[in-house]
Amino acid sequence: MSASIEMQVLKGSGDDLHPIYLDYSATTPVDPRVAAKMIPYITEHFGNPASRSHPYGWTAEKAVENAREEVAKLVGADPREIVWTSGATESNNLAIKGAANFYSAKGKHIITVTTEHKAVIDTVRELERQGFEATYLDPEPSGLLDLEKFKAAIRPDTVLASVMFVNNEIGVIQDITAIGNICRENGVIFHVDAAQATGKVHIDLEKLPVDLMSFSAHKTYGPKGVGALYVRRKPRIRIEAQMHGGGHERGMRSGTLATHQIVGMGEAFRIAREEMDEENVRIRRLRDKLLHGLQDIEEVYVNGDLEQRVPHNLNISFNYVEGESLIMAVKGIAVSSGSACTSASLEPSYVLRALGRSDELAHSSIRFSIGRFTTDADVDYTISLMKGKIDKLRELSPLWEMFKDGVDLSKVEWAAH
Amino acid sequence: MAYSDKVLDHYENPRNVGSLDKNDPQVGTGMVGAPACGDVMKLMIKVNDSGIIEDAKFKTYGCGSAIASSSLVTEWLKGRTIEEAYAIKNSEIAEELALPPVKIHCSVLAEDAIKAAVADIKAKQAAKEAA
Amino acid sequence: MSSIYLDHNATTALDQRVLESMLPWMQRQSGNPTSRHVFGRSSRDAIEHARTQVAEACGAYASQVIFTASGTEANNFAVKGIAGSQAGSQILHSAIEHPCVSRPAKAMQQTGWLSNAIGVDEHGVLSVAQLQQHLQTQTSVVSVMLANNETGVIQNIAEIAELTRKAGAFMHTDAVQGLGKMPVSFTDLNVHAMTVSSHKIHGPQGAAALILDKRVDIQPLLHGGGQERGLRSGTENVAAIVGFGAACELAVANLAHFASHTQMLRDTFELGLKSLNVTIFSQHTTRIPNTSFFALDGIEGETLVTALDRKGFAVASGSACSSDSTEPSHVLLAMGIKPDLARGAVRVSFGAHNTLLQVADFLTALKNEILRLKQLTGVAA
């Protein structure tokens, strides 16, 4: 598939109706090669993979198993350790509830982090309602977890810990090896949400001390509606099924498999495995270019550690500018303020708050996420757009005026309404 | 979020952006909201001796609806008496801009800003008379 | 693949028009429907349009449609979710439910619930007397499928729902095999919750829905980002949902033709079976028009299905989900069919594109295979 086709399909012109897409962490476009591979499976090779009695079913089953191998290869797992799901949300629910329920006789305490995705936090909250206890650790201001604090949170009855590999909002990479080793030493089952990690960081589950790991297709140029859960075989981790029925996926997850979507995930993960090293060099260069361009603006703050971070992400707060009006101002680019999943509400990003950012800075944050189809021209356009719009909004901002007048905003008594 | 054309117009071309001299005895300032809540509105009105608002300026830190609400009221205020200004209701602002329910608070904030600015000018006048 | 496909109750081929509705969502940049930029908003609009299409096909309001990833998920959601939102008591389901209703009900037993199966008569029709008897125990949820995937038997859901409501319980029906094959109206069925699925009506796999009366409290199965009014978290599968909507619209438009055409094929087929001394299950009961379920004493259904497959005919020996195992169909056992005969069961389910000629070819192949297998196994003709 030539690059020119990709560009034709995906290129935004930067005007308000065709913005430049810089929201790859919310969802990625389906790679044209992935779409091409999927389409035959919804037209010619349709069939229920569980129908063992006719070739329609066999073809589907073979395709599903090939895809399982591709997913396993990207993350250094055995294909038998991969369970298909409808997406990372289901993987997270299945891993956390499944392991907590299965091992509840061992203990009822769970550890997780306040910057996890809602699919982890809300699942742990649900388990709290069912009688489990949970510790939610705050990360350091860098977004990274302090290993000593993690160690200290472990109790004799701690049964499960869930820590994400790469944060969706700020892109920081947790030290999964170190956290996993602590879990191993203490007999704690370790789940990792890797939805934002595949194709961005190397994952080798043969070496990583991780028991359960969640994956998503649509964050790695695959289709929406499919994901996977890694369930370690050696030592064997057991989970209680959360969805019951025909006993698909060795009883761990029932429901007819969407063959074309699984095929799409397999192809997306194959491409990620083969191209990620080269791609990430290119993306890092673009991200750094964007960062240098935006750092010319006064009063900007990068959220999250810049070193231990995927190259795809740049999360910046523009002080004295309100987030939603900022989003309105930058309609020429498609970006996100806070995570996509929370942007329906007016709450400032809980992730940035967990880093200790003030509400104002949290409100004025923008997540730029760069991906496979981002170009130099996109980045140049973004820098010039941001500079112009930030100037305009600050002209409107009473807070900027006060800041420029030397007023200490933290000492002002606000008439909160 | 689907904004009305009027909101977009005020947002794209805000009217009367800026500040007046806050030490001018004829200028009343209303600052409402809080950065933590995501919106701060500063409204300044200049009132002549007959109690008529001659000029109005605003600066707003907030969403598009907040900017539009404050821009709109600066247009409305000019030429009105401070009593008339005081009587402006948030519902009129919300209706004029066709604000969606989740954005009604922006019109409330604008009404509060007017009331705060009027209160400020009245306090200044009272202080002047007392002096 | 040149096989003739006679397994439409398992899954169906994607309609070309459905595919065309989906392609933009597979090939173009599409946003996360939760995102507020134009990419996200257009995904959101597409989902809401599909929601209206699904609602109209189901005689429901758009606000009652909750999208899920599969019928299995919707059924699990209904059973576990509705029961889970109440103080523990009894879950009732028919003895012929798909495992994705009966197994979650069974799983709920671990957390203190009572789960009971209501029997059916020899025709596969639910025993109302047994239902009434069971309803004397405090009950939370009753789940009875609209049309059975194996026999095709249609239950009188409105009547069952009436009794269920009188007993103060909530009524769920799995209408996955009904939609597109018979008129389905959430309102007329008078149920609280109803499951429908995309890939049974020439839509894509990966989309289904639970239609839910909003007055019913339900616990989510999946927690997270709060999509689908907080009831089903997870980024929406936009392409599949769009396809599901398009498939619903087509299913309604094609229903009259589907019903008369497949009934004609099925009647012709069953007439042809007469000379073969087979047992046709539920033949004299109200069935969806496309389904024929029959058995020959002494010939394993699985063997026959494999033999027919080699001749180019795709049929099923039971429900696809259980064809891993050699256990006789639980539906037939519930009807009191002897296990030996039940093991011989074969299901044929027609689609709108099957032809009379295919039926004739299939009958010929079936006769030949039966003859051959009888000779092999020494069963007396």
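C:Val315 sits in the loop between β11 (313-314) and α10 of chain C. This is a predicted model, and C:Val315 makes a handy place to start looking around. With 24 C-beta neighbours inside 10 Å, C:Val315 counts as buried, because the cut-off for that is 20 or more. What does C:Val315 touch, leaving out residues up to four places away in sequence? The list runs to C:Leu6, C:Asp7, C:Val305, C:Leu308, C:Val346, C:Arg347 and C:Val348. Have a look at C:Phe350 too: C:Phe350 is 35 residues from C:Val315 along the chain, and their C-alpha atoms are separated by 9.6 Å.

Two other loop residues of chain C are worth a stop. Most residues other than glycine have a negative phi. C:Glu228 isn't a glycine, yet its phi is positive, at about 50°. C:Asn277 isn't a glycine either, and has a positive phi of about 60°. Are these two buried or exposed? C:Glu228 counts as buried, since it has 20 C-beta neighbours inside 10 Å. C:Asn277, on the other hand, is exposed, with 10 other C-beta atoms within 10 Å. Here are the three loop residues of chain C side by side.

| Residue | Loop in chain C | C-beta neighbours within 10 Å |
|---|---|---|
| C:Glu228 | between β8 (208-212) and α8 | 20, buried |
| C:Asn277 | between α8 and β9 (279-280) | 10, exposed |
| C:Val315 | between β11 (313-314) and α10 | 24, buried |

Now step back to chain C as a whole. Chain C is divided into domain 1 (4-11 + 255-377) and domain 2 (16-250). Note that domain 1 is written as two stretches, 4-11 and 255-377. Taken over C-alpha atoms, the centres of domain 1 and domain 2 of chain C are separated by 27 Å. Where they meet, domain 1 of chain C puts in 24 residues and domain 2 of chain C puts in 26. On the domain 1 side, α8, β10 (291-295) and α10 (330-334) of chain C each supply at least two residues. Sorted by class, that side of domain 1 has ten nonpolar, twelve polar and two charged residues.

Helix α8 of chain C turns up again in a helix pair. The axes of α1(C) and α8(C) come within 8 Å and cross at roughly 160°. That angle is over 145°, which means α1(C) is roughly antiparallel to α8(C). The crossing of α1(C) and α8(C) is right-handed. From α1(C), the contact takes C:Arg17, C:Val18, C:Ser21, C:Met22, C:Trp25 and C:Met26. From α8(C) come C:Val238, C:Ala239, C:Val242, C:Gly243, C:Ala246, C:Ala247 and C:Leu250. By class, the residues of this contact split into ten nonpolar, two polar and one charged.

Chain B has a helix pair to set beside that one. Helix α2 (residues 64-77) and helix α4 (residues 90-97) of chain B have axes that come within 10 Å and cross at roughly 110°. An angle from 65° to 115° counts as roughly perpendicular, so α2(B) is roughly perpendicular to α4(B). This crossing, of α2(B) and α4(B), is right-handed. On the α2(B) side, the residues in contact are B:Ser65, B:Ala68, B:Ser69, B:Leu72 and B:Val73. On the α4(B) side, they are B:Ile93, B:Glu96 and B:Leu97. The contact of α2(B) with α4(B) has five nonpolar, two polar and one charged residues.

Chain C also meets chain A. How many residues are in contact between the two? Chain C has 61 residues in contact with 59 residues of chain A. Several helices of chain C each supply at least two residues to this side: α1 (16-27), α2 (38-57), α3 (71-84), α4 (99-109), α8 (238-273) and α9 (301-310). The top contributor is α4(C), with five residues. The side of chain C that touches chain A has 25 nonpolar, 28 polar and eight charged residues.

Finally, chain A itself. Chain A has 13 helices and twelve strands. Of its 417 residues, 59% count as buried. Look at contacts in chain A between residues at least 6 apart in sequence: 75% of them join residues at least 24 apart. Most peptide bonds are trans. The bond from A:Lys234 to A:Pro235 is cis, with omega near -5°. You'll find A:Pro235 in the loop between β8 (227-231) and α8 (259-294) of chain A.

Key
Residues are numbered from 1 along each chain as its sequence is written. Chains are lettered from A and ligands numbered from 1 in the order in which they are written. This is a predicted model: local features need pLDDT of at least 70, side-chain atom pairs count only at pLDDT 80 or more; totals for chains, interfaces and linings use all residues. Axes are lines fitted to C-alpha atoms, for helices over the stretch in contact, and angles run from 0 to 180 degrees between N-to-C directions. Helices (H or I, at least four residues) and strands (E, at least two) are DSSP runs, numbered from the N terminus. Angles under 35 degrees count as roughly parallel, over 145 as roughly antiparallel, 65 to 115 as roughly perpendicular and the rest as oblique. A crossing is left-handed if the near helix is turned anticlockwise from the far one by less than a right angle, and right-handed if clockwise. Two residues are in contact if their C-beta atoms, placed from the backbone, lie within 7 Å. Ala, Val, Leu, Ile, Met, Phe, Trp, Tyr, Cys and Pro count as nonpolar, Asp, Glu, Lys and Arg as charged, and the others, Gly among them, as polar. Domain bounds come from an automatic or database domain assignment. A residue is buried if 20 or more other C-beta atoms lie within 10 Å of its own, exposed if 12 or fewer, and partly exposed in between; C-beta atoms are placed from the backbone.
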